[in-house]
Amino acid sequence: VCTRRGLAERAATLAGALAVADLGRPPFALAVDADPATAVFKGVLQLEKGVKLNLTPGSTATVTTRVVGRNTKGPLATTVVPLDGSFPVEFAVRRGDFREVPDFVWAEEDLYLKADVSTDSGKVIAVGRSKSKYVTKDVSTPFHDVAYVTIDF
């Protein structure tokens with residue numbers, strides 16, 4: 001029989017066990033800083049060697065982020081990167097770019113990126129894709145590697 005008291009006791013037991021366990025990192029709730037300005041990962045938009053892309057003033061790259069191998073019912077994060085025509089372009093996807101979704105959905109997963117390069121009128125002229133791999137080295141380092149996104153058109 002599943003009662004509220006029974007569920008509360010199980011939750012308390014699990015919380016106590018997790019508090020005692022030495023996981024080598026802070027508890028999961030502290031693993032990702034909730035500050036919207038905190039960078040979750042960094043990326044670089046780049047072109048293949050010798051390729052040029054003529055961009056009009058006001059061109060942007062819309063970078064959408066999803067979890068690799070998981071249906072998250074749409075992008076988890078959307079970041080708009082202004083482009084001036086010179087590549088490579090560095091960018092950061094910040095915690096504030098993510099929609100309201102619990103950290104456990106993405107914090108310890110590889111992230112898939114898609115960058116749509118569009119003109120100031122909104123026409124998509126090029127697309128790039130990449131991954132940001134989850135890093136488990138040390139809690140003081142970023143949680144995800146740099147994503148190098150090669151733009152194809």
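# Report on a sheet protein and its salt bridges

Glu109 is partly exposed, with a relative accessible area of 27%. This residue belongs to a predicted model, and the report starts from Glu109 and its partner before turning to the sheet and the core.

## Salt bridges

The side chain of Glu109 meets that of Arg70 in a salt bridge, with 3.7 Å from N to O. Because Arg70 sits in the loop between strand E2 (60–67) and E3, while Glu109 sits in the loop between E4 and E5, the pair ties together parts that are 39 residues apart in sequence. Arg70, like its partner, is partly exposed, and its relative accessible area is 37%.

By the rule used here, the model has three salt bridges. Another of them joins the side chains of Asp110 and Lys133, at 3.1 Å from N to O. This pair also links distant parts of the chain, since Asp110 lies in the loop between E4 and E5 and Lys133 in the loop between E6 and E7, 23 residues apart. Asp110 has a relative accessible area of 22% and is therefore counted as partly exposed, and Lys133, with a value of 41%, is partly exposed as well.

The side chains of Lys114 and Asp116 also meet in a salt bridge, with a distance of 3.8 Å from N to O; Lys114 is partly exposed, with a relative accessible area of 26%. In general terms, side chains of opposite charge can pair when their charged atoms come close.

## The overall fold

The secondary structure of the protein chain comes to two helices and seven strands, and along the sequence these follow the pattern α-α-β-β-β-β-β-β-β. The seven strands form an open sheet of mixed pairing, in the order E3-E2-E5-E6-E7-E1-E4. Strand E3 (77–82) and strand E4 (89–94) stand at the edges of the sheet with a single partner strand each, so one side of each is left without a neighbour in the sheet. From one strand to the next, the twist averages 25°.

## How the strands pair

The following table lists some of the strand pairs, with the sense in which they run and the bridges between them.

| Strand pair | Sense | Bridges |
|---|---|---|
| E5 and E6 | antiparallel | eight bridges |
| E6 and E7 | antiparallel | three bridges |
| E1 and E4 | antiparallel | six bridges |
| E1 and E7 | parallel | four bridges |

Strand E5 covers residues 111–118 and strand E6 covers residues 124–132. The two form a hairpin with five residues between them, and Gly122, in the turn, has a positive phi of about 100°. Within this hairpin, Leu111 has Ser132 in E6 as its bridge partner, and Val117 stands opposite Ala126 in E6.

On the E7 side of strand E6, Gly128 stands opposite Ile151 in E7, the latter strand covering residues 147–152. Strand E7 also pairs with E1, and there Val44 stands opposite Tyr148 in E7. Where E1 pairs with the edge strand E4, Lys42 stands opposite Ala92 in E4.

## The core and the surface

The largest nonpolar core has 30 residues, and those with the most contacts inside it are Leu45, Val81, Leu83, Phe87, Trp106, Val117 and Ile151. The elements that give two or more residues to this core are strand E1 (39–46), E2, E3, E4, E5 and E7, and its largest share, four residues, comes from E5. Two of the residues with the most contacts in the core were already met in the sheet, namely Val117 and Ile151: Val117 faces Ala126, and Ile151 faces Gly128. As a general tendency in soluble globular proteins, nonpolar side chains are buried together.

Leu83 shows how such a residue is surrounded: leaving aside its neighbours within four places in sequence, Leu83 is in contact with Leu45, Leu55, Ser59, Thr60, Ala61, Val89 and Val117.

Of the 153 residues of the protein chain, 35% count as buried. Among contacts in the protein chain with a separation of 6 or more, residues 24 or more positions apart account for 63%. The accessible surface of the protein chain comes to about 9700 Å², and 55% of this area belongs to carbon and sulfur atoms.

Conventions. Residues numbered from 1 in each chain as written. Predicted model: local features only at pLDDT ≥ 70, side-chain atom pairs only at ≥ 80, totals over all residues. Heavy atoms only, no water. Pairing = 2+ DSSP bridges. Axes fitted to C-alpha atoms, helices over the stretch in contact; angles between N-to-C directions. Salt bridge = Lys/Arg side-chain N within 4 Å of Asp/Glu carboxyl O. Buried < 20%, exposed > 50% of the residue type's maximum accessible area, 1.4 Å probe, protein only. Contact = heavy atoms within 4.5 Å. Areas by Shrake-Rupley, 256 points an atom, 1.4 Å probe, with all protein chains shown as cover. Core = buried A, V, L, I, M, F, W, Y, C linked by side-chain atoms within 4.5 Å.
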